[in-house]
Every structure is written in structure tokens, then in C-alpha cells.
Amino acid sequence: MIIKTDNLTKVYGNRIGCQNICLSINEGQIFGLLGPNGAGKSTLVKMLTGLLRPTSGAAQLLNRPLGDLQARKKIGFLPENFRYQEWLTGYELLSFHAALYKVEKTKRTSRIDEVLKTVGLAGREKQRIRTYSKGMQQRIGLACALLPDPDLLFLDEPTSALDPLGRREVREIVVSLRNRGKTVFLNSHLLSEVEMICDHVAIIKRGQIAASGTVNELLSKSVEVEMIITGMNEQIERELLLIGTGLRRDGERFCVSLDRESDIPRLAGAVVQNGGFLYRLAARRSSLEDLFVELISDKEDGH
């Protein structure tokens with residue numbers, strides 16, 4: 001288990017940052033942490049990377065206790081809204097960070113060349129940081145985080161300030177790292193991005209984990225089915241309600257929710273066998289955005 005937390009908690013005076021966080025993350029996957037602003041995402045990341053001391057609870061990273069120096073040597077971290085010295089060239093920045101990471105002098109040049117190639121900045125390292133686009137600045141930040149050849153990489157909102165092309169470039173880098181056996185802990189509020197690349201997802205609400213699982217597990221709970229039906233009658237309606245829930249009608253358009261995708265053929269049978277005419281049937285699984293809104297919305301709390 002590359003990350004394991006046991007009731008990890010951080011309290012700021014009377015305010016709870018995170019409470020009783022229990023996570024188990026296997027190596028070689030992209031783990032996505034989702035939550036609204038102020039939910040505790042960055043607090044959790046800072047505890048795991050050693051920037052904040054937990055109030056209580058315990059955690060292990062790379063099978064070593066939280067804060068262990070040997071484990072920290074194999075961890076990379078790209079913070080949110082980072083700013084590097086803009087007067088440095090890309091190569092000078094990487095050389096400085098390689099020294100901070102205590103990369104052996106005899107290996108620094110080859111390691112810098114390797115991370116530049118990984119992030120797609122080979123040939124641009126002699127330019128000053130101030131001349132880099134936002135996408136290039138994000139990639140040089142990733143290059144810095146990759147210098148120690150980490151087994152575990154923390155990325156805190158790595159694409160929040162990027163345009164769609166820049167986000168795609170960063171996604172491709174993250175996926176390539178997973179393909180090389182690295183584990184990536186991705187803290188993001190971009191739901192579609194997390195759904196595209198993450199193997200496992202946790203949603204945090206008010207400092208606590210509200211849901212956790214693989215993307216398929218989280219999205220397999222319900223299926224929305226839309227049908228165009230003519231010749232609707234009471235018998236069809238009764239049978240549709242026995243199979244699914246929440247039957248809604250708009251003219252000849254009907255929508256019903258199913259707990260299991262395997263019940264879709266039963267819907268078609270209920271219509272046809274009872275004298276109806278089925279002109280269209282389309283199933284739509286819930287998206288991560290649907291689940292997120294359902295879990296985070298204060299409506300369920302009566303607010």
C-alpha cells in the first residue's frame with residue numbers, strides 16, 4: 001500500500017481542516033481527490049507531504065511512517081499556485097532544485113535532460129521562466145517534482161490555470177507516469193478531468209470523506225433511461241414503476257432510473273408486450289459531476 005491513513009485529523013483552533021481521513025491507495029494508479037473549495041483537500045495534501053503536522057491519527061507513505069526522511073526522498077510535490085524565480089532559465093531552475101533534492105552531481109545533467117524530455121520541454125531549457133507560457137510553467141513545475149524520480153507524486157490543482165490544450169498536455173504526462181509504474185495523487189476540482197484519468201477517487205466534504213471507490217464503482221449505482229413511447233397505458237406505467245423508480249413524463253418522452261443496467265431489456269419488454277410502441281431507448285450512466293453535486297449539495301442537509 002503506497003498511502004495508508006488511519007483517522008488522520010487536522011484541527012485549526014475551533015475549525016476542523018480534516019477529520020478521520022481513512023484512505024488506502026495502491027501503487028501504480030492515479031488517485032483523484034475531489035471536493036469544493038474549503039473542503040479540506042489542500043490540508044490533507046499538506047499533511048501527507050509534511051508541510052502540516054496532523055492533530056491526531058496516523059499515516060504511512062511508501063510503507064514508512066508519515067514524515068520519514070527515506071520516504072520523502074521518493075516523493076515529488078507540485079503545489080498549487082507555485083511561483084518560481086522568473087529570472088532563471090529552465091535549466092538553472094532544475095539545477096537548483098536538483099541540488100535541493102540532493103541528486104548526485106554526477107547524475108544531475110542526465111536527470112535534468114530526462115525530466116525535460118518527459119515534460120516536453122527539451123530544447124526550451126535555455127529560455128528564462130518569464131518567457132514561458134502558463135502551460136510551459138506548469139510543465140517546468142512538473143519537471144522539478146520529477147527530479148528525484150519519485151515513486152509517489154502529489155499534484156495540487158495542476159491544471160486549474162490552464163487552457164484546454166494545456167490541461168490535455170498535463171493529463172498526458174500524468175498518464176505516462178502511471179504507465180511507468182508511478183503513483184499520482186491528484187488534487188483537483190475539475191471533475192471531467194478526474195473522471196477521464198483517475199483509477200480511484202475520493203470525494204471530501206467538510207473535512208470528511210463522503211465517498212470513495214473506483215470511478216466505475218462510484219458511477220454504477222444508477223442508470224437513467226430515456227424512452228420515446230406512443231400508445232402509453234396504465235399497465236405499461238405500472239410495469240415500468242415495478243422495474244425502475246422515478247418515472248417522469250414529458251409528452252411522449254419518458255425517463256426512468258434503474259439500479260441495474262441489466263434491467264434495460266425489461267423496460268423495452270414492458271412497453272412492447274403491453275401494446276405500446278417504443279421509438280427510442282437511450283441509457284445514460286450518472287457522471288462524476290452528477291454524483292459530486294448530489295453528495296456536496298446542502299439540500300440533503302436541509303439547508
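In this predicted model, helices H4 and H5 are oblique to each other, because their axes cross at roughly 135°. H4 spans residues 105–118 and H5 spans residues 134–146, and the two axes come within 9 Å. The crossing of this pair is right-handed. On the H4 side, the contact is made by Arg111, Val115, Leu116 and Thr118, which meet Ile140, Ala143 and Leu146 of H5. Sorted by class, the residues of this contact comprise 5 nonpolar, 1 polar and 1 charged.

H5 also packs with helix H3, and here it is worth looking at the angle again. The axes of H3 (residues 90–100) and H5 come within 9 Å and cross at roughly 25°. Angles under 35 degrees count as roughly parallel, and H3 and H5 are therefore roughly parallel to each other. The crossing of H3 and H5 is right-handed. Gly90, Leu93, Leu94 and His97 of H3 form the contact with Ile140, Ala143 and Cys144 of H5. This contact has 5 nonpolar and 2 polar residues, with no charged ones. Readers following H5 in the structure will find Ile140 and Ala143 in the contact with H4 and again in the contact with H3.

Turning to enclosed space, the structure holds 1 cavity of 30 Å³ or more, and the volume of the largest cavity is about 60 Å³. H4 supplies the largest share of its lining, with 4 residues. The lining includes Arg111, Glu114, Val115 and Thr118, together with Leu146, Asp149 and Pro150, and it is completed by Leu177, Arg180 and Lys182. Several of these names are familiar from the helix packing described above: Arg111, Val115 and Thr118 in H4 and Leu146 in H5 take part in the contact between those helices, and these four residues also line the cavity. By class, the cavity lining has 5 charged, 4 nonpolar and 1 polar residues.

The model also has open space to explore. The largest pocket has a volume of about 910 Å³. A total of 33 residues line this pocket, and those nearest its centre are Arg72, Lys73, Ile75, Tyr101 and Pro148. The three helices discussed so far reappear here: H3, H4 and H5 each supply at least two residues of the pocket lining, as do helix H2 (69–72) and strand S6 (75–78). The pocket lining divides into 18 nonpolar, 7 polar and 8 charged residues.

How values were computed:
Residues are numbered from 1 along each chain as its sequence is written. This is a predicted model: local features need pLDDT of at least 70, side-chain atom pairs count only at pLDDT 80 or more; totals for chains, interfaces and linings use all residues. Side-chain values use heavy atoms; hydrogens and water are left out. Axes are lines fitted to C-alpha atoms, for helices over the stretch in contact, and angles run from 0 to 180 degrees between N-to-C directions. Angles under 35 degrees count as roughly parallel, over 145 as roughly antiparallel, 65 to 115 as roughly perpendicular and the rest as oblique. A crossing is left-handed if the near helix is turned anticlockwise from the far one by less than a right angle, and right-handed if clockwise. Contact means heavy atoms within 4.5 Å. Ala, Val, Leu, Ile, Met, Phe, Trp, Tyr, Cys and Pro count as nonpolar, Asp, Glu, Lys and Arg as charged, and the others, Gly among them, as polar. On a 1 Å grid over the protein atoms alone, a cavity is a set of points where a 1.4 Å probe fits but cannot get out, and a pocket is an open set with protein on both sides within 12 Å along at least five of seven lines; lining residues have an atom within 4 Å of a point. Grid points are joined across faces, edges and corners, and a volume is the space filled by probe spheres set on the points.
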